[in-house]
Amino acid sequence: ENLAQVRRCHNLVDMVELRVDLLHPSQWPGIARFPLECPLPALCTVRRRPDGGSWRAPETTRRRLLQEAAGAGYRYLDLEADLPTGAVALPRRGPRVIRSLHDLNGTPANLETLLRGLARSAREIPKLAVTPHGVGDLARIVTAARAVPAPRIVLGMGDYGLPSRLLAARVGSWLTFTSATSGGLRIARRRDSSIH
Ligand SMILES: O=C1C[C@@](O)(C(=O)O)C[C@@H](O)[C@@H]1O
């Protein structure tokens, strides 16, 4: 089902995220096959509930699946900022880590420091997903992104976050997310918008 969705939109996006937390456990055996059959670079994410995800099983199971994904051919692996080093062992020539921090309630004061401190090595890509409550917060997200060397990912969640997604390239975010199904930003064809 996930691969069918990728095939429907593979010419509209540059990479694909598999949200393992949204899968039924009966689908977990397919996690290792996904990047091999996916026509685009794949990102594996197992999002916890406090970070906005739907993961319900124990943390040990989550780490086991992340570990499996680390050796399965994914180009990127999303690991949280509070995950202890070594909780997921990364093979040499394994995936590049996107080191993420989510704030579902607001936009922390020290955004730039947070963003700068996320990556644990030069290979990791820091990612901040926060919830702006007004244009002031939105402006702070943009300022923080621009102050930190690329590549970095910044996303505003909620209504006030929308401009940070539509203007991701302008903001300097290395990627922005869209959704192959309902429930997120719909995928637009390239150049459907004229924002530069
Ligand atoms: O971390 C993120 C960002 C996201 O939550 C969003 O708000 O677009 C979508 C998730 O799939 C992804 O893992």
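Q: What is the extent of contact between domain 1 and domain 2?
A: Contact means heavy atoms within 4.5 Å, and by this criterion 21 residues of domain 1 are in contact with 15 residues of domain 2. The model is predicted: local features need pLDDT of at least 70, side-chain atom pairs count only at pLDDT 80 or more, and totals for chains, interfaces and linings use all residues. Residues are numbered from 1 along each chain as its sequence is written, and side-chain values use heavy atoms, with hydrogens and water left out.

Q: What area is buried between domain 1 and domain 2?
A: Buried area is the accessible area (1.4 Å probe) that two parts lose on being put together, summed over both. Between domain 1 and domain 2 it is about 1,100 Å², and carbon and sulfur atoms give 61% of this.

Q: Why is the pairing of aspartate 78 and lysine 127 called a salt bridge?
A: The term requires a side-chain nitrogen of Lys or Arg within 4 Å of a carboxyl oxygen of Asp or Glu. The N to O distance for aspartate 78 and lysine 127 is 3.1 Å, so the pair satisfies the definition. The count between domain 1 and domain 2 is 1 salt bridge.

Q: How do you know that the ligand lies between the domains?
A: Domain bounds come from an automatic or database domain assignment, which gives domain 1 (1-84) and domain 2 (103-190). Both domains give residues to the shell around the ligand, and it therefore lies between them.

Q: What makes the approach of arginine 165 to the ligand a polar contact?
A: A polar contact is a pair of N or O atoms within 3.5 Å; within protein, one must be able to donate a hydrogen and the other to accept it, and residues adjacent in sequence count only if both atoms are side-chain atoms. An N or O atom in the side chain of arginine 165 is 2.7 Å from a ligand oxygen, so the pair qualifies.
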